[in-house]
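Biologist: Could you take me through this model?

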Amino acid sequence: MPQMAPISWLSLFLIFTISFILFCIFNYYSYIPTSPKSLKLKNNNLNSMNWKW
């Protein structure tokens with residue numbers, strides 16, 4: 001079984017490292033969290049307009 005050249009291992013390492021970093025970056029920026037503050041503000045504004053006379 002022939003051995004791989006060191007430059008081949010280095011290129012494989014760089015390809016997998018770059019692909020892993022890109023995968024992590026895309027996953028980080030694809031997640032959009034919903035902020036609970038905006039939901040509370042919307043509920044407060046809606047409830048403040050309901051007058052109970």
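Modeller: The overall make-up comes first, followed by the aromatic residues and a serine contact. This is a predicted model, in which local features need pLDDT of at least 70, side-chain atom pairs count only at pLDDT 80 or more, and totals for chains, interfaces and linings use all residues. Residues are numbered from 1 along each chain as its sequence is written, and side-chain values use heavy atoms, with hydrogens and water left out.

Biologist: What does the secondary structure come to?
Modeller: The protein has 2 helices and 0 strands; these are DSSP runs numbered from the N terminus, with helices being H or I of at least four residues and strands E of at least two.

Biologist: And what share of the residues is buried?
Modeller: Of the 53 residues, 0% are buried, where buried means under 20% relative accessible area, exposed over 50% and partly exposed in between (1.4 Å probe, protein chains only).

Biologist: How many aromatic pairs are there?
Modeller: The search of the whole structure gives 1 aromatic pair, a pair being rings of Phe, Tyr and Trp (its six-membered ring) with centres within 6.5 Å.

Biologist: Why is it edge-to-face?
Modeller: The planes of the Y28 and Y29 rings stand at 85 degrees, with centres 5.0 Å apart, so the pair is edge-to-face. Planes under 30 degrees apart count as stacked, over 60 as edge-to-face and the rest as tilted.

Biologist: Are Y28 and Y29 buried or exposed?
Modeller: Y28 counts as exposed at 61% relative accessibility, and Y29 is exposed at 62%.

Biologist: Where does S30 lie?
Modeller: S30 is in helix 1, residues 6–30, and is exposed, with a relative accessible area of 52%. A polar atom of the S30 side chain lies 3.2 Å from the backbone oxygen of N27.

Notes:
Polar contact = N/O pair within 3.5 Å; in protein donor to acceptor, adjacent residues only side chain to side chain.
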